[in-house]
Amino acid sequence: VLDENGENAASQPLDTTGGAAAPTTHQALLSWVNEVAELTQPDRVYWVNGSVEENRLLTDELVDAGTLVRLNPETFPNSFAAFSDPKDVARVEEQTFICSEKREDAGFTNNWMDPGEMRAKLDGLFAGSMRGRTMYVVPFVMGHLAAEDPKFGVEITDSAYVVASMRIMANIGTDVLRKMEELDAFFVPALHSVGFPLAEGEDDVPWPCSDEKWIVHFPEDRSIWSYGSGYGGNALLGKKCYALRIASIMARDEGWLAEHMLILKLTSPEQKDYYVSAAFPSACGKTNLALLDPTIDGWKVETLGDDITWMRFGKEGELRAVNPEAGLFGVAPGTGWSTNPNAMRAIAKGNSIFTNVALTDDGGVWWEGMTDEAPAHLTDWLGQEWTPDAGHPAAHPNSRFCTPIDQIDMLADEYHSPNGVPVSAILFGGRRKTTVPLVTEARDWASGIFMGSTLSSETTAAAAGQVGLVRRDPMAMLPFIGYDAGDYLRHWIELSGKANQEKLPKIFLVNWFRRTADGGFAWPGFGDNARVLKWVIERLEGTADAVETPIGFVPTGDSIDLTGLDMTPADVEQAVRVDPQEWATELDAIDEWYERFGATLPQELKDRLAELKDRFAAA
Ligand code: GDP
Ligand code: PGA
Ligand code: MN
């Protein structure tokens, strides 16, 4: 494709000898690439260098192939829209596996299959799976190349869409490869195929994928095999597969935390800086909070990350956080000029790939919530004519924008620091219509971990399956914990036990999605969440009022700044209400949840549950 005449120096014809023409001195990488090429039988192998020119060639090809639609360069420079197969629109949790040697090491939250059996199955599926295609080799690093211990990966994929998206989401290409060679570094081998080989002369389709999908992780050798899907969370393997599932295993072994969290910087009117991280399940508001546009004067928010946070305890026992990603892979619907202008400004700079959004007649994109009023005519994500009376959304509910993080005007300088930032508050949050108050401060660290361990949320379109069911989602990591969930909670407890107890962040539970009796949201959300963050900071400083409830401390009606908002302290009291009836049901659900862990559930957490029950009984 790119090197038919050998013009691109980084590009090499299939070389299974490891000889003079070898594109890398990293022997382990070279032999893995050759092994995969032999198995998957691509027409050619291409080593991705990450250059602008390469990206131009790749996207040109994708446009010619019909996979990408080039958007109007006046309004969306260097930006493209892709439309997936309608059966390939979200993560497939049913088909996601942790294949540890021992079944119990995967725990009850993961699908498991014997690794030998799984390898045999995958060998069969990947055999010849890249016929008629190019096999791209994408060296990448999650986090900083200058980190003390950079975390490398190499994705092999037969999808140019994946290459173009990985280029946005991670640091990829020659610089990374050179560093890997210099250190003779370990890398996570991440193999991806869309599972759609082309016979001689067979025409490709715009979005090749397979009906059969497997997203598989082997914890012991830290490898990833992804088959059959082109969708982000299944195919951009640096993201959920590596930076959460595999990284959570590395973190357990090496004494750090890999979490499903955003990180933001908050500056108070007194010019004091605070760093807050927050774990919410997929499509529950991470990107929106990370890019928050405060509606109260004097408070400034800057972004460090919107999805994944790696944290370790620093020399002074403080918890330091970095964002290992280089891009945003955000839920498009609901992202608009009124709700999230910072995301809109980042998107408007171009260099973005949109997936499953609708197209406007002038070569732009649109999705529900981008503007208050829908355009009179669109082409919907399925390629059909669409008008506002169509009776169905124009964009898929899990449609996405993929945009470089450095296009965010409010990106904090500290994003670029390999040592990260000290976290002073952690929020756990979910999407609950009832029961869970707008904000609750945990009485102490252990109760905060308890809150995280029992976090619950209604399911969303980010994963295949029914939407709106309440499920427990510990630390928003349910689909991403790479090992036994009880051991994961124990890791949190043990790690923090060694930290400086004075410097442990305060933990809060938040719920932007509570409803009132008439069905509306009890809290306006979005930019107004700055008012909750203000209360959080004032609690750290000991200046805000709170009421003690059995579950923790909630704001008094007038301790939340309502300036300029059409809300009263009584409305706040409703939003933070702890209803004993609702909590009776909740405690039953938590009992059931904790029973599922079996023997590995830490005793500390069982004790917290018993105390909580006692407090409700005494109330
Ligand atoms: P992420 O997947 O966790 O990053 O979630 P997003 O920030 O992309 O948000 C997912 C969906 O939740 C979008 O449709 C948002 O419009 C919606 N959302 C985000 N924050 C809020 C909020 O504060 N209140 C309400 N009501 N909806 C929100
Ligand atoms: P998110 O992750 O839904 O948490 O934004 C992307 C994905 O895995 O699809
Ligand atoms: Mn997001």
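**View 1. A stretch of this predicted model that mixes helix and strand.** Start with residues 32-252: helix makes up 33% of this span and strand 22%, and the C-alpha atoms at its two ends sit 26 Å apart. What does UniProt call residues 32-252? An unreviewed entry there labels them as a domain, "Phosphoenolpyruvate carboxykinase GTP-utilising N-terminal".

**View 2. Cys284, a residue with a UniProt label.** Again the label comes from an unreviewed UniProt entry, which puts the feature "active site" at Cys284. Where is Cys284 found? Look in the loop that runs between strand S13 (273-279) and helix H8 (286-290). Is Cys284 buried or exposed? Its relative accessible area is 2%, and anything under 20% counts as buried, so Cys284 is buried. Now for its company: if you skip residues up to four places away in sequence, Cys284 touches Arg431, Ser457, Thr460 and Phe513.

**View 3. Glu302 and its surroundings in strand S14.** Strand S14 covers residues 300-305, and Glu302 has its place there. How does Glu302 count, as buried or exposed? With a relative accessibility of 12%, Glu302 falls under the 20% cut-off and therefore counts as buried. Which residues is Glu302 in contact with, once neighbours within four places in sequence are left aside? They are Leu264, Lys265, Thr267, Ala290, Met410, Leu411 and Ala412.

**View 4. Glu302 again, this time with Glu181.** Here's a pair to pick out along the chain: Glu181 and Glu302 are 121 residues apart in sequence. In space, 35 Å separates the C-alpha atoms of Glu302 and Glu181.

**View 5. Helices H10 and H11 crossing each other.** Helix H10 takes in residues 445-453, while helix H11 takes in residues 485-497. Their axes come within 11 Å and cross at roughly 160°. Why do we call H10 and H11 roughly antiparallel? Angles over 145 degrees count as roughly antiparallel, so the pair earns that description. As for its handedness, the crossing of H10 and H11 is right-handed.

**View 6. The side of H10 that meets H11, residue by residue.** From H10, look for Trp445, Ile449 and Ser453. What do they meet in H11? The partners there are Leu489, Trp492, Ile493 and Ser496. Sort the residues of this contact by type and you get five nonpolar, two polar and no charged.

Note on methods. Residues are numbered from 1 along each chain as its sequence is written. Chains are lettered from A and ligands numbered from 1 in the order in which they are written. This is a predicted model: local features need pLDDT of at least 70, side-chain atom pairs count only at pLDDT 80 or more; totals for chains, interfaces and linings use all residues. Side-chain values use heavy atoms; hydrogens and water are left out. Axes are lines fitted to C-alpha atoms, for helices over the stretch in contact, and angles run from 0 to 180 degrees between N-to-C directions. Helices (H or I, at least four residues) and strands (E, at least two) are DSSP runs, numbered from the N terminus. Angles under 35 degrees count as roughly parallel, over 145 as roughly antiparallel, 65 to 115 as roughly perpendicular and the rest as oblique. A crossing is left-handed if the near helix is turned anticlockwise from the far one by less than a right angle, and right-handed if clockwise. Contact means heavy atoms within 4.5 Å. Ala, Val, Leu, Ile, Met, Phe, Trp, Tyr, Cys and Pro count as nonpolar, Asp, Glu, Lys and Arg as charged, and the others, Gly among them, as polar. UniProt positions are given in the numbering used here, feature names are shortened, and annotations may be inferred rather than shown by experiment. Buried means under 20% relative accessible area, exposed over 50%, partly exposed in between (1.4 Å probe, protein chains only).
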